[in-house]
Amino acid sequence: MPLARSMSITSLSGMEEWDEEFDLEDAVLFEIAWEVANKVGGIYTVIQTKARLTVEEWGENYFLVGPYVESNVRTQVELIEPTNPALKRTIDKMNSSGCKVYFGRWLIEGSPYVVLIDVAFTAWSLDKWKTELWNNFSIGVPWFDREANDAVLFGFLTAWLLGEFAAQCEEPPHILAHFHEWLAGLGLALCRQRLLPVATIFTTHATLLGRYLCAGSVDFYNNLANFNVDKEAGDRQIYHRYCLERTAARCAHVFTTVSQITAVEAEHLLKRKPDIITPNGLNVKKFSAMHEFQNLHAQSKNRIQEFVRGHFYGHLDFNLDKCLFLFIAGRYEFSNKGADIFLEALARLNYLLRVNHSDVTVVAFFIMPARTNNFNVETLKGQAVRKQLWDTAHTVKERFGKKLYESLLIGQLPDVSKMLDKEDFTMMKRAIFATQRQCQPPICTHNMLEDSTDPILTCIRRIGLFNSSADRVKVIFHPEFLSSTSPLLPMDYEEFVRGCHLGVFPSYYEPWGYTPAECTVMGIPSISTNLSGFGCFMEEHIADPSAYGIYILDRRYRGVDESCNQLTSYLFQFCQQSRRARIIQRNRTERLSDLLDWRYLGRYYISARHMALAKAFPDTFFYQPHDSETAQGFRYPRPASVPPSPALSRHSSPHHSEAEDEDDRYDEDEEAEKDRLNIRQPLALKRGKKH
């Protein structure tokens with residue numbers, strides 16, 4: 001079963017190529033996760049974006065394994081016959097034994113093969129497998145936990161798949177199975193318990209207990225060593241889930257996690273130190289010219305401005321050209337995602353902008369899905385009024401243009417006072433009267449099912465940000481995912497992010513942080529924390545992150561009020577930047593996208609796979625790990641010119657002219673070239689070149 005290797009991992013632009021010589025003859029990779037072709041959370045993004053690179057490395061010997069969900073398969077998967085003879089025999093054998101296993105191509109970049117298992121079809125085996133789970137691992141799963149029941153079914157079926165595949169191979173196989181998260185982890189434990197010839201990797205993207213503890217308002221990171229993990233898991237009724245996760249972590253040949261901060265957490269909660277950190281990457285689309293992504297920002301910003309015009313009709317007493325769009329997005333975890341201190345910082349920012357008589361207005365969007373029963377009538381009305389005003393203006397413009405044209409045809413300069421007749425004025429007055437509004441612009445775009453107890457709305461009532469004319473900070477809560485088909489804000493998430501000025505993610509619990517990473521690759525500055533994997537990763541790689549538009553909030557060594565003051569300071573100083581300074585900063589932010597490309601970060605997954613194969617099959621594979629120094633990777637220097645950073649801004653008040661920055665000598669291409677030459681290479685690259 002020869003493997004055609006076609007991968008060339010290219011480092012940051014201008015650097016040497018990185019590659020590890022590792023003979024993968026007869027090796028087959030199965031990557032197993034509940035979110036294969038099944039979007040639930042961030043793991044879906046990890047697997048989807050990494051697929052192309054993994055296909056390039058493993059070719060025909062790479063298979064993703066996930067659950068069969070009919071609605072997803074209809075739109076995302078092309079079902080075909082298995083191409084691998086041993087896998088075809090495996091699937092046929094399982095289907096004849098009372099399973100339903102499907103094979104196809106996932107219609108994403110890279111078109112990887114997928115094996116999809118219908119867990120519901122095999123639910124008749126649940127009691128038998130739960131008994132086996134108890135007898136072999138002493139883990140009991142309660143009947144009412146449907147998610148854990150699915151994990152049991154999925155685990156036994158994936159172990160069955162791997163064991164049957166090993167049996168169907170004509171030669172002794174070298175199987176590598178990579179399991180993601182606790183939902184897939186039981187399959188790994190069963191592979192080890194049954195002594196299958198399978199090298200195993202387990203990746204935890206966030207520990208179960210860590211997420212629950214942080215949501216409970218405890219000083220989590222400074223007390224990691226003091227938690228009685230069994231008691232804490234039991235108190236939260238997740239002991240069986242915790243046991244499944246911990247068993248997978250302890251049984252794996254190689255255990256990985258997505259960030260250094262989560263590695264510390266896993267060591268204390270799962271009782272095993274990760275072997276390798278595997279940061280999450282993205283497929284970065286590079287533009288041929290720097291101005292291209294700036295143009296995309298301007299186009300998307302105009303579309304957000306149109307929404308704002310409708311939302312604030314009748315109260316549009318602020319200048320949209322001096323309006324900054326901030327946003328927070330992600331899973332609706334009020335404290336874990338930092339929405340609590342973001343709202344408090346907005347209230348303080350509102351006060352600072354008012355007392356300093358700033359002409360800047362901030363519109364802060366909260367994009368967090370919650371339970372609703374439909375759009376808010378007042379919000380829909382706003383967009384209808386905006387459209388009506390546009391249609392009226394367009395009609396009057398056409399009538400005016402026709403009269404102007406006729407006047408010019410007969411060789412006369414028009415009498416402007418007679419160009420608009422009574423009917424035109426009547427039409428415009430009627431449109432103006434339609435914009436009269438007796439209430440404030442709404443905070444929430446939808447009707448919330450639990451309005452009185454919703455955390456964001458409750459906090460807004462406490463701090464008093466009600467979108468009044470006196471407020472310099474406006475708040476819009478959009479409690480559903482963005483979609484280009486929405487009648488309210490018809491934009492995809494990527495378009496929306498490109499149109500904003502700053503992403504704010506002051507999370508307390510964020511093992512990685514895809515939202516600030518997505519901002520970075522689109523050239524949008526962001527605020528994250530030193531408790532997020534992304535924030536720690538950027539601090540390791542960049543000498544002065546704030547100069548590149550990456551603001552790291554200290555939430556580990558400061559109290560909540562201190563962190564809130566620091567966030568307020570970042571926001572206020574960001575509002576003081578000139579338009580030119582923001583453009584320079586976006587250029588610098590976008591330059592960091594190479595750091596987050598799978599072409600760079602994929603190497604950590606490659607190392608994990610090589611390590612697992614060497615541990616499981618020591619007679620065939622050998623792996624020499626790099627020393628700890630190489631984990632630092634590339635390091636960006638401070639920019640060559642004075643950074644337009646809020647932390648280093650020389651403006652003491654919001655009042656400044658655009659001309660103030662004109663004396664600063666700045667050449668984007670020249671600075672980018674200096675950055676490229678000054679980037680410090682990882683030792684692994686230097687050593688690899690000598691060999």
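# Exercises on sheets, helices and a salt bridge

Helix H19 (residues 533-541) lies across strands S16 and S17 and runs at about 100° to S16. The model behind these exercises is predicted.

## Exercise 1: a sheet of 6 strands

Work out the strand order of the open sheet of 6 strands, and find which strands stand at its edges.

Solution.

Step 1. Read the order across the sheet. It is S14-S11-S10-S15-S16-S17, and the pairing is parallel.

Step 2. Go to the ends. Strand S14 (473-478) and strand S17 (550-553) each have a single partner strand, so one side of each is left without a neighbour in the sheet.

Step 3. Check the turn between neighbours. Neighbouring strands of this sheet are turned by 25° against each other on average, direction ignored.

Step 4. Look at one pair closely. Strand S11 (residues 361-367) and S14 run parallel and are joined by 6 bridges. Within S14, Val 473 is the bridge partner of Val 362.

Step 5. Add a helix. Helix H18 (residues 514-521) packs on the sheet. H18 touches strand S10 (323-329), strand S15 (502-504), strand S16 (526-529) and S17. The direction of H18 makes about 150° with that of S16.

## Exercise 2: a sheet of 9 strands

Describe the open sheet of 9 strands and the helices H1 and H3 that pack on it.

Solution.

Step 1. Write down the order: S3-S4-S5-S2-S1-S6-S7-S8-S9. The pairing here is mixed.

Step 2. Name the edges. Strand S3 (77-79) and strand S9 (276-277) each pair on one side only.

Step 3. Pick a pair inside the order. Strand S6 (residues 174-180) and strand S7 (residues 198-204) run parallel, with 6 bridges between them. Phe 179 stands opposite Phe 202 in S7.

Step 4. Place helix H1 (residues 42-58). H1 packs on the sheet and touches strand S1 (27-32), strand S2 (62-67), strand S4 (101-106) and S6. Its direction makes about 155° with that of S2.

Step 5. Place helix H3 (residues 85-96). H3 packs on the sheet too, touching S1, S2, S4 and strand S5 (113-117). The direction of H3 makes about 140° with that of S4.

## Exercise 3: H5 against H6

Classify the packing of helix H5 (residues 146-168) and helix H6 (residues 181-193).

Solution.

Step 1. Choose the descriptors. Two packed helices are described by the angle between their axes and the distance between the axes.

Step 2. Read both values. The axes of H5 and H6 come within 7 Å and cross at roughly 40°.

Step 3. Name the class. That angle makes H5 oblique to H6.

Step 4. Give the hand. H5 passes H6 in a right-handed crossing.

Step 5. Find residues in the contact. From H5 they include Ala 148, Phe 154 and Leu 162. From H6 they include Trp 182, Leu 186 and Cys 191.

Step 6. Sort by class. The contact of H5 with H6 has 13 nonpolar, 3 polar and 1 charged residues.

## Exercise 4: H12 and its partners

Classify the packing of helix H12 (residues 339-355) against helix H20 (residues 560-575), then against helix H16 (residues 455-463).

Solution.

Step 1. Start with H20. H12 and H20 pack at an angle of about 50°, with their axes 8 Å apart. That makes H12 oblique to H20.

Step 2. Give the hand and the residues. H12 passes H20 in a right-handed crossing. Phe 342 and Leu 349 of H12 are among the residues in contact, as are Leu 567 and Phe 572 of H20.

Step 3. Sort by class. The residues of this contact divide into 13 nonpolar, 2 polar and 3 charged.

Step 4. Turn to H16. The axes of H12 and H16 come within 10 Å and cross at roughly 25°. Angles under 35 degrees count as roughly parallel, so H12 is roughly parallel to H16.

Step 5. Finish this contact. The crossing of H12 and H16 is right-handed. Leu 343, Glu 344 and Ala 347 of H12 meet Ile 456, Cys 459, Ile 460, Arg 462 and Ile 463 of H16. By class, there are 6 nonpolar, no polar and 2 charged residues.

## Exercise 5: a salt bridge

Which parts of the chain are tied together by the pair Arg 241 and Asp 145?

Solution.

Step 1. Recall the idea. Side chains of opposite charge can pair when their charged atoms come close.

Step 2. Check the distance. The side chains of Arg 241 and Asp 145 meet in a salt bridge at 2.8 Å, N to O.

Step 3. Locate both residues. Arg 241 lies in helix H9 (residues 239-251), and Asp 145 lies in the loop between helix H4 (126-137) and H5, so the pair ties together parts that are 96 residues apart in sequence.

How values were computed: Residues numbered from 1 in each chain as written. Predicted model: local features only at pLDDT ≥ 70, side-chain atom pairs only at ≥ 80, totals over all residues. Heavy atoms only, no water. Pairing = 2+ DSSP bridges. Helix = DSSP H or I, 4+ residues; strand = E, 2+ residues; numbered from the N terminus. Contact = heavy atoms within 4.5 Å. Axes fitted to C-alpha atoms, helices over the stretch in contact; angles between N-to-C directions. Parallel < 35°, antiparallel > 145°, perpendicular 65-115°, else oblique. Left-handed = near helix turned anticlockwise from the far one by under 90°. Nonpolar A, V, L, I, M, F, W, Y, C, P; charged D, E, K, R; others polar. Salt bridge = Lys/Arg side-chain N within 4 Å of Asp/Glu carboxyl O.
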